[in-house]
Amino acid sequence: MAPLRTFAALFLAAGSASAFAPSTSAVSKVSRASTTSVASSVFDDAVKDWEVEYPQFAEWGWGPSVQAEIWNGRHAMFGWVVMCACAYAKGHGLIPNADAPLNLKEWGTLATIADGMEKGKDTITNERAIILIANVHAFFVGICATIAPLPQADTLLLDPNHPMYEWQVERNSKLGGIFPVMSMSGVTPHAELMNGRMAMMGLITCIGYSFIQGQTMIDTINEWLGGAYY
């Protein structure tokens, strides 16, 4: 329950800190030119430089672009769903022999874990193999969105010949920046962009915490939820 108490303390601290925030009328009087200039010099200028130096990649939506950020966020959100589902499956015995390593003769060297300290070959567990296949599935969804996109689907790369191209360009022109429009809640591109950013930051935090604690990411998620899964 320690992580829950920590999150609760942070939440209360953030709430109490808001009491010292200036009023809306005071904020409205402050010019937003300084904020805009900082965002432009750090973020927007980098995007413009990329478009100038690599115009072909920028035309496809590669690199530091809204199109790439949206798809990276989608993969991150899908990753959270898969990890939480795997944690639930592990806690309820839905993964057979979750901690059992794969048979090297049956699965080959793709299932091995490189270990420079000890001789021999260790293989990944059934649990990690299932998570790996789920992520490979998400990867192939992105590939299919590139080589065989549906007419009504959002493509991974920008294609001028695709029916959704004009909509994508218009959407991307309204998104981006360091801080998206937070008031655009609901099922909107702004909400998707922000949710994707939080999912990506959450993955980075989960990976770092798991590395420091020397445990799996599923164990970290279960710990953060106060042992809700197992």
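Reader: To start, what share of the contacts in the protein with a separation of 6 or more comes from residues 24 or more positions apart?
Author: Residues 24 or more positions apart make up 52% of the contacts with a separation of 6 or more, where contact means heavy atoms within 4.5 Å. Please keep in mind that this is a predicted model, in which local features need pLDDT of at least 70 and side-chain atom pairs count only at pLDDT 80 or more, while totals for chains, interfaces and linings use all residues. Residues are numbered from 1 along each chain as its sequence is written, and side-chain values use heavy atoms, with hydrogens and water left out.

Reader: And the secondary structure, how many helices and strands?
Author: There are 10 helices and two strands; helices (H or I, at least four residues) and strands (E, at least two) are DSSP runs, numbered from the N terminus. Along the sequence, the pattern reads α-α-α-α-α-α-β-β-α-α-α-α.

Reader: What percentage of the residues count as buried?
Author: Of the 230 residues, 27% are buried, taking buried as under 20% relative accessible area, exposed as over 50% and partly exposed as in between (1.4 Å probe, protein chains only).

Reader: Let's look at helix 5. At what angle do helix 5 and helix 10 cross?
Author: The axes of helix 5 (residues 66-91) and helix 10 (residues 217-224) cross at roughly 85° and come within 9 Å; axes here are lines fitted to C-alpha atoms, for helices over the stretch in contact, with angles running from 0 to 180 degrees between N-to-C directions. The two helices, 5 and 10, are therefore roughly perpendicular, given that angles under 35 degrees count as roughly parallel, over 145 as roughly antiparallel, 65 to 115 as roughly perpendicular and the rest as oblique.

Reader: Which residues make the contact there?
Author: From helix 5 they are Trp80, Met83, Cys84, Cys86, Ala87 and Lys90, and from helix 10 they are Met217, Ile218, Asp219, Ile221 and Trp224. The residues of this contact between helix 5 and helix 10 comprise nine nonpolar, no polar and two charged, where Ala, Val, Leu, Ile, Met, Phe, Trp, Tyr, Cys and Pro count as nonpolar, Asp, Glu, Lys and Arg as charged, and the others, Gly among them, as polar.

Reader: OK, and how do helix 5 and helix 8 cross?
Author: The axes of helix 5 and helix 8 (residues 165-174) come within 9 Å and cross at roughly 90°, and helix 5 and helix 8 are therefore roughly perpendicular to each other. Here Val66, Gln67, Ile70 and Arg74 of helix 5 meet Gln168, Arg171 and Asn172 of helix 8, and the residues of the contact divide into two nonpolar, three polar and two charged.

Reader: While I'm on Arg74, which ring does arginine 74 lie over?
Author: Arginine 74 lies over the face of tryptophan 71, at 4.9 Å from the ring centre; a charge sits over a ring if NZ of Lys or CZ of Arg is within 6 Å of the ring centre and within 35 degrees of the ring normal.

Reader: Also in helix 5, is glutamate 69 buried or exposed?
Author: Glutamate 69 counts as buried, at 17% relative accessibility. Leaving out residues up to four places away in sequence, glutamate 69 touches Leu193, Arg197 and Met200.

Reader: Switching to aromatics, how many aromatic pairs are there in the whole structure?
Author: The search of the whole structure finds eight aromatic pairs: rings of Phe, Tyr and Trp (its six-membered ring) pair if their centres lie within 6.5 Å, and planes under 30 degrees apart count as stacked, over 60 as edge-to-face and the rest as tilted. One of them, tyrosine 54 with phenylalanine 57, is stacked, at 6.4 Å centre to centre with 25° between the planes. Tyrosine 54 is partly exposed at 37% relative accessible area, and phenylalanine 57 is partly exposed at 31%.

Reader: What about tyrosine 209 and tryptophan 224?
Author: Their ring centres are 5.6 Å apart and their planes are at 55°, so the pair is tilted. This pair links distant parts of the chain, with tyrosine 209 in helix 9 (residues 189-213) and tryptophan 224 in helix 10, 15 residues apart. Tyrosine 209 is partly exposed at 25% relative accessibility, whereas tryptophan 224 is buried at 18%.

Reader: Last one: where is asparagine 97 found?
Author: Asparagine 97 is in the loop between helix 5 and helix 6 (104-107), and has a positive phi of about 50° although it is not a glycine. Asparagine 97 is exposed, with a relative accessible area of 58%.
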